[in-house]
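Please find below a colleague's note on this structure, set out as numbered points for a reader new to the subject. Each point takes up one feature that can be checked in the viewer.

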Amino acid sequence: MKILVIEDEQALLESILAYFIGEGNICEFASNFASASEKIALYNYDCILLDLGLPDGEGLELLSQLKQMKKKDGVLILSARHSLDDRLAGLDLGADDYLVKPFHLSELKARVSAIVRRKNFDGDNLILFNEIKVDVSAMKTSVFNNQIVLTKKEFDLLVYFLANKNKIVTKNAMAEHLWGDEMDLSNDFDFIYTHVKNLKKKLAEAGGKDYLRSVYGIGYKFGDA
C-alpha cells in the first residue's frame with residue numbers, strides 16, 4: 001500500500017511511519033497543511049491518514065480539496081475530537097472512516113486495510129482473476145491453486161495490476177505507487193521492466209496465461225481485453 005500520513009504530532013507520526021514501513025508499505029508524510037495540500041494535489045495514495053488539527057490549517061479543508069479534485073484516495077481521519085458533529089462533518093465530506101486518538105497501531109492497520117479492500121476489491125481479502133488467486137491479507141498468490149513465491153514488489157505490482165485490470169497504467173504511475181515520490185526525477189524505468197519480467201515469468205511457470213501487455217512508450221495493461 002502507498003500511504004500518506006498527515007500528522008503534526010512528531011512522536012505519533014514517527015510511530016505510524018515506523019509501523020507501516022516495517023510492514024513493507026510505501027509511506028510519505030506531511031506535518032502541516034501546506035505540505036499536505038501539495039502532496040494530495042500531485043500524487044495518488046491508497047489511503048491518507050488525516051489529522052484534523054494542523055498548525056496552519058484545518059484538516060477538513062483538505063477533504064474538500066480532495067472532493068473538488070475528484071480524487072479516489074481512501075481517507076481515514078485521525079483526531080482527538082470526540083464530538084459527533086466532527087465525525088459527521090468528516091464523513092459527509094468523503095472520509096471513509098474516523099478513528100479517535102489514542103488508538104492501537106494494530107487497529108489503525110486493520111482500518112486502513114479495510115478501506116483499501118473496500119475501495120479496490122469490494123471489501124474482499126481474496127482477489128480472483130481467472131486462474132490467479134491473491135490473498136491480500138496473507139500476501140499469498142496461487143495459479144491453479146498452486147502457490148507461487150513473489151517478492152514484496154512483485155506482489156504489490158500484481159495487486160496494482162489487478163486493481164487496474166484492463167486499464168493502461170503508465171510507468172510513472174507504477175513507479176510512484178511502488179516507490180513513492182522519491183522516483184519523481186527518475187527517467188530510467190529499467191527497474192520496473194525487471195519486476196514486470198520476473199512477475200510474468202513466475203506466473204507463466206505456474207501455468208498462468210500471459211495477461212500483461214506492453215503499451216509502447218506508455219506502460220502496461222493487464223487483463224483479458
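1. Ring pairs join Phe129, Phe161, Tyr211 and Phe222 into a cluster. These positions belong to a predicted model, and the values in this note are computed from it. Two members of the cluster, Tyr211 and Phe222, are both buried.

2. How is the pair of Tyr211 and Phe222 arranged? The ring centres are 5.7 Å apart and the planes stand at 50 degrees, so the pair of Tyr211 and Phe222 is classed as tilted. This pair links distant parts of the chain, its two residues being eleven residues apart. Tyr211 sits in the loop between α8 (190-205) and β13 (212-215), whereas Phe222 belongs to strand β14 (residues 219-222).

3. The count of aromatic pairs in the model comes to five. One of them is formed by Tyr19 and Phe20, with 5.6 Å from centre to centre and 85 degrees between the planes. That pair is edge-to-face, because planes over 60 degrees apart are given this name. The two partners may also be described by their accessibility: Tyr19 is partly exposed, with a relative accessible area of 24%, while Phe20 has 1% and counts as buried.

4. Helix α6 (residues 152-163) deserves separate attention. The helix lies across β8, β9 (132-135) and β10, and runs at about 115 degrees to β9. At 1.5 Å a residue, its twelve residues should span 16 Å, and the C-alpha atoms at its ends are indeed 16 Å apart, so the expected and computed spans agree.

5. Why may α6 be called largely enclosed by the rest of the structure? Nine of its twelve residues are buried, so the description follows from the count. The buried residues of α6 include the aromatic residues Phe155, Tyr160 and Phe161, as well as Leu157, Leu158, Val159 and Leu162. Glu154 and Asp156 are also among them. Phe161 appears again here as a member of the ring cluster described above.

6. The strands that α6 lies across belong to an open sheet. Four strands make up this sheet in the order β8-β9-β10-β11, with antiparallel pairing. Its edge strands are β8 (126-129) and β11 (146-148), each of which pairs on one side only. From one strand to the next, the twist averages 25 degrees.

7. Within this sheet, the pairing of β10 (residues 140-143) with β11 may be followed in detail. The two strands are joined in the antiparallel sense over three bridges. Ser142 stands opposite Gln147 of β11.

8. Two loops of this region contain a backbone feature worth noting. Met139, in the loop between β9 and β10, has a phi near 55 degrees, a positive value in a residue other than glycine. Asn145, in the loop between β10 and β11, likewise is not a glycine and has a positive phi of about 70 degrees. Are these residues buried or exposed? Met139 is partly exposed, with a relative accessible area of 39%, whereas Asn145, at 64%, counts as exposed.

9. Strand β7 (residues 97-100) is covered on both faces. Asp97 and Leu99 lie on one side, Tyr98 and Val100 lie on the other, and all of these residues are buried. Strand β6 (residues 74-79) runs parallel to β7 and is joined to it by four bridges. In this pairing, Leu76 stands opposite Asp97.

10. Which residues are joined by a cis peptide bond? The bond lies between Lys101 and Pro102, with an omega of about -10 degrees. Pro102 is located in the loop between β7 and α5 (105-121).

11. Finally, the cysteines should be considered. The count of disulfides is zero. Cys27 takes part in no disulfide, and the nearest cysteine sulfur to its own, that of Cys47, is 10 Å away. Cys47 is likewise in no disulfide. The separation excludes a disulfide because the two sulfur atoms would have to lie within 2.5 Å. Both residues are nevertheless buried: Cys27 has a relative accessibility of 18%, and Cys47 has a relative accessible area of 0%. The value for Cys27 counts as buried because the limit is under 20%.

Notes:
Residues are numbered from 1 along each chain as its sequence is written. This is a predicted model: local features need pLDDT of at least 70, side-chain atom pairs count only at pLDDT 80 or more; totals for chains, interfaces and linings use all residues. Side-chain values use heavy atoms; hydrogens and water are left out. Buried means under 20% relative accessible area, exposed over 50%, partly exposed in between (1.4 Å probe, protein chains only). Two strands pair if DSSP finds at least two bridges between them. Axes are lines fitted to C-alpha atoms, for helices over the stretch in contact, and angles run from 0 to 180 degrees between N-to-C directions. Contact means heavy atoms within 4.5 Å. The expected span of a helix is 1.5 Å times one less than its number of residues. Rings of Phe, Tyr and Trp (its six-membered ring) pair if their centres lie within 6.5 Å; planes under 30 degrees apart count as stacked, over 60 as edge-to-face and the rest as tilted.
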